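Got your viewer open? Load the model and keep the selection box handy. We'll walk through it stop by stop.

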Amino acid sequence: MFFTRTNTFNTSVSSKELQNRQLGAHVKIHNLDFEILERDGSLMIIPHSEQEESIKTLPITNVDMSQEGGQTKVTLTSKMRPADSGGPQLIVIFCFFIFIAAFILRLVDKNGDWTVTYILLGIDLFIFSMFVYRLQIGYFDYVRKVQAYVKSKGEHSVGDVKASVAV
């Protein structure tokens, strides 16, 4: 929905080789371990947050690969874990209702004094901008780093399989 990101890139590495380079690997991003597993012919990058004490919104990334000529088309789809999606969805719904309330108040107000409407819109804008900022430094940062890791595995030559991304 709002929190799903898809990225597609092409690589000259075959899909089997790319899958072998990643399968069973562990990736450390911000001291959090992500494991790469195979499910239904595609790869899944799943966070291990059992040891994590703070609340974090983390992505689950599906890696789909298909051969097209001499190239491999890699599609990365990152979705928010179902356990994490409740809070962000509530914040979006809350901000939407504040916006609707301010809009209705603006239409109903006969005196032309829109102070309450502007206050509601300011509160709404502040809450939503803080929410987006927190998502950018948290959830979407994990998404970007996982995508960079997968891209790096597709760019290295066969002899350089052990190279890793510093994240």
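**Stop 1: Ile45 and its neighbours**

Start by selecting Ile45 and showing everything around it: leaving out residues up to four places away in sequence, Ile45 touches Phe34, Glu35, Ile36, Pro59, Ile60, Thr61, Val63, Val146 and Val150. Keep in mind as you click around that this is a predicted model.

Now widen the selection to the largest nonpolar core, which has 19 residues. Which of them touch the most other members? Colour Phe34, Ile36, Ile45, Val63, Val74 and Val150 and you have them. To see where the core comes from, pick out strand 2 (26–29), strand 3 (32–39), strand 4 (42–48), strand 6 (71–80) and helix 4 (139–155), since each of these supplies at least two core residues. Helix 4 is the top contributor, with 4 residues.

There is another core to find, lying apart from that one. It has 8 residues, and you can locate it by selecting Phe3, Met80, Tyr139 and Val143, which are among them.

**Stop 2: zoom out**

Switch to cartoon and look at the whole protein. You should be able to trace 4 helices and 6 strands. Going from the N terminus, the order is β-α-β-β-β-β-β-α-α-α. The protein has 167 residues, and 37% of them count as buried. Of the contacts with a separation of 6 or more, 54% are between residues 24 or more positions apart.

**Stop 3: strand 4 and the strands beside it**

Select strand 4 next. Is this strand mostly covered or mostly exposed? Mostly covered: 6 of its 7 residues are buried.

Add strand 3 to the view. The two strands pair in the antiparallel sense, over 7 bridges. For one such bridge, click Glu38 and look for its partner in strand 4, Leu43. Then go to the hairpin that links strand 3 and strand 4, where 2 residues sit between the strands. Asp40 is the one to check here, with a positive phi near 55°.

Now bring in strand 5 (residues 59–68). Strand 4 pairs with strand 5 in the antiparallel sense too, over 3 bridges. Leu43 turns up again: its bridge partner in strand 5 is Val63.

**Stop 4: Thr61**

While you're on strand 5, select Thr61, which lies in that strand. Thr61 is buried, with a relative accessible area of 1%. Not counting residues up to four places away in sequence, it touches Leu43, Met44, Ile45, Leu76, Thr77, Ser78 and Val146. Try the distance tool on Thr61 and Thr77: 16 residues apart in sequence, they sit 5.4 Å apart, C-alpha to C-alpha.

**Stop 5: the helices**

Hide the strands and show helix 2 (residues 86–108) with helix 3 (residues 115–137). Their axes come within 9 Å and cross at roughly 160°. Helix 2 and helix 3 are therefore roughly antiparallel to each other, and helix 2 passes helix 3 in a left-handed crossing. Turn on side chains to see the contacts: the helix 2 side includes Ile91, Phe94, Ile98 and Phe99, and the helix 3 side includes Leu120, Leu121, Ile127 and Phe128.

Finish with helix 3 and helix 4. Their axes are 3 Å apart and pack at an angle of about 30°, so this pair is roughly parallel. Where do they meet? Select Arg134, Leu135, Gln136 and Ile137 in helix 3, together with Tyr139, Phe140, Asp141 and Arg144 in helix 4.

Technical notes
Residues numbered from 1 in each chain as written. Predicted model: local features only at pLDDT ≥ 70, side-chain atom pairs only at ≥ 80, totals over all residues. Heavy atoms only, no water. Core = buried A, V, L, I, M, F, W, Y, C linked by side-chain atoms within 4.5 Å. Buried < 20%, exposed > 50% of the residue type's maximum accessible area, 1.4 Å probe, protein only. Contact = heavy atoms within 4.5 Å. Pairing = 2+ DSSP bridges. Axes fitted to C-alpha atoms, helices over the stretch in contact; angles between N-to-C directions. Parallel < 35°, antiparallel > 145°, perpendicular 65-115°, else oblique. Left-handed = near helix turned anticlockwise from the far one by under 90°.
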